[in-house]
Every structure is written in structure tokens, then in C-alpha cells.
Amino acid sequence: EDLVYNYEESICQIEDFLNISNRNNDFVKKFFSPEKSKKNIGKYKLYKNEYKEAFSSIERELKEFLYL
């Protein structure tokens with residue numbers, strides 16, 4: 001979600017982590033479009049009743065990785 005909603009900041013953090021400083025601007029957003037991806041965030045809510053037990057397990061076991 002950070003990459004979708006905070007694209008530039010996230011890219012800078014990734015570049016810092018990888019110790020790269022020059023992005024090839026021809027490829028920026030070529031393979032990943034934050035605007036297109038925004039429609040997929042929260043899509044799990046459509047299946048919340050169907051997969052309630054699985055979601056509960058994920059929330060319990062991986063809570064540090066979730067936006068709740």
C-alpha cells in the first residue's frame with residue numbers, strides 16, 4: 001500500500017536501501033501504475049465473510065505487516 005499511495009517516497013527508500021541513485025526515467029511507472037493499483041487495495045473486503053477464518057489467521061499471525 002505504501003508503494004501505491006506514497007510512490008515517490010517508497011521508491012526513494014528502495015533506492016537508498018539498494019544503494020542506487022540514478023533511476024532510468026524511461027522505466028518509471030512503465031511496469032507498475034500506482035493509479036491502476038489503487039482500485040485493488042481493500043479488495044479482500046469483498047470476500048471477508050467467505051474467508052473469515054483465513055483473514056483472522058492472517059491478522060493474528062502477520063499483524064505487523066498489515067494496515068488495520
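Rings of Phe, Tyr and Trp (its six-membered ring) pair if their centres lie within 6.5 Å, with planes under 30 degrees apart counted as stacked, over 60 as edge-to-face and the rest as tilted. By that rule the structure holds four aromatic pairs. This is a predicted model, in which local features need pLDDT of at least 70 and side-chain atom pairs count only at pLDDT 80 or more, while totals for chains, interfaces and linings use all residues. Residues are numbered from 1 along each chain as its sequence is written, and side-chain values use heavy atoms, with hydrogens and water left out. The chain has four helices and zero strands.

**Confidence**

- The average pLDDT of the chain (the predictor's confidence in each residue, from 0 to 100) is 85, and 88% of the residues score at least 70.
- Among the elements of the chain, helix α4 (residues 52-61) has the highest mean pLDDT, 92, and α2 the lowest, 88.
- Where pLDDT is low, the predicted coordinates should not be read in detail.

**Fold and surface totals**

- The order of elements from the N terminus on is α-α-α-α; helices (H or I, at least four residues) and strands (E, at least two) are DSSP runs, numbered from the N terminus.
- The chain has 68 residues, of which 12% count as buried; buried means under 20% relative accessible area, exposed over 50%, and partly exposed in between (1.4 Å probe, protein chains only).
- About 6300 Å² of the chain is exposed, and carbon and sulfur atoms supply 52% of that area; accessible areas come from the Shrake-Rupley method with a 1.4 Å probe, and for residues only the protein chains shown count as cover.
- Of the contacts (heavy atoms within 4.5 Å) in the chain with a separation of 6 or more, 44% are between residues 24 or more positions apart.

**Aromatic residues**

- Tyr 44, Tyr 47, Tyr 51 and Phe 55 make up one aromatic cluster.
- A pair of aromatic rings is described by the distance of the centres and the angle of the planes.
- Tyr 44 and Phe 55 form an edge-to-face pair, at 5.6 Å centre to centre and 75° between the planes.
- Tyr 44 lies in the loop between α3 (34-37) and α4, and Phe 55 lies in helix α4, so this pair ties together parts that are 11 residues apart in sequence.
- Phe 55 counts as buried, at 18% relative accessibility, whereas Tyr 44 is partly exposed, with a relative accessible area of 35%.

**Salt bridges**

- The whole structure contains three salt bridges, each defined as a side-chain nitrogen of Lys or Arg within 4 Å of a carboxyl oxygen of Asp or Glu.
- Glu 59 and Lys 48 form a salt bridge through their side chains, at 3.9 Å from N to O.
- Because Glu 59 lies in helix α4 and Lys 48 in the loop between α3 and α4, that salt bridge ties together parts that are 11 residues apart in sequence.
- Both ends are partly exposed: Glu 59 has a relative accessible area of 30%, and Lys 48 has one of 36%.
- Glu 35 and Lys 38 also meet in a salt bridge, at 3.2 Å from N to O.
- Glu 35 counts as exposed, at 57% relative accessibility, and Lys 38 as partly exposed, at 31%.
- Glu 61 and Arg 60 meet in a salt bridge of 3.6 Å, N to O, and both residues are exposed.

**Nonpolar surface patch**

- Leu 3, Ile 14, Phe 17, Leu 18 and Ile 20 form a nonpolar patch on the surface, with about 500 Å² of accessible area together.
- Patches are made of residues with over 30% relative accessible area and no salt bridge; like charges are joined within 9 Å, and nonpolar side chains (Val, Leu, Ile, Met, Phe, Trp, Tyr) within 5 Å.
- Helix α2 (residues 7-18) gives the most to the patch, with three residues, and Leu 18 is located in this helix.

**Single residues**

- Asn 19 is found in the loop between α2 and α3 and is exposed, with a relative accessible area of 70%.
- Most residues other than glycine have a negative phi, and most peptide bonds are trans.
- Asn 19 has a positive phi of about 60° although it is not a glycine.
- Ser 37 lies in helix α3 and is buried, with a relative accessible area of 18%.
- Not counting residues up to four places away in sequence, Ser 37 touches Val 4 and Phe 32.
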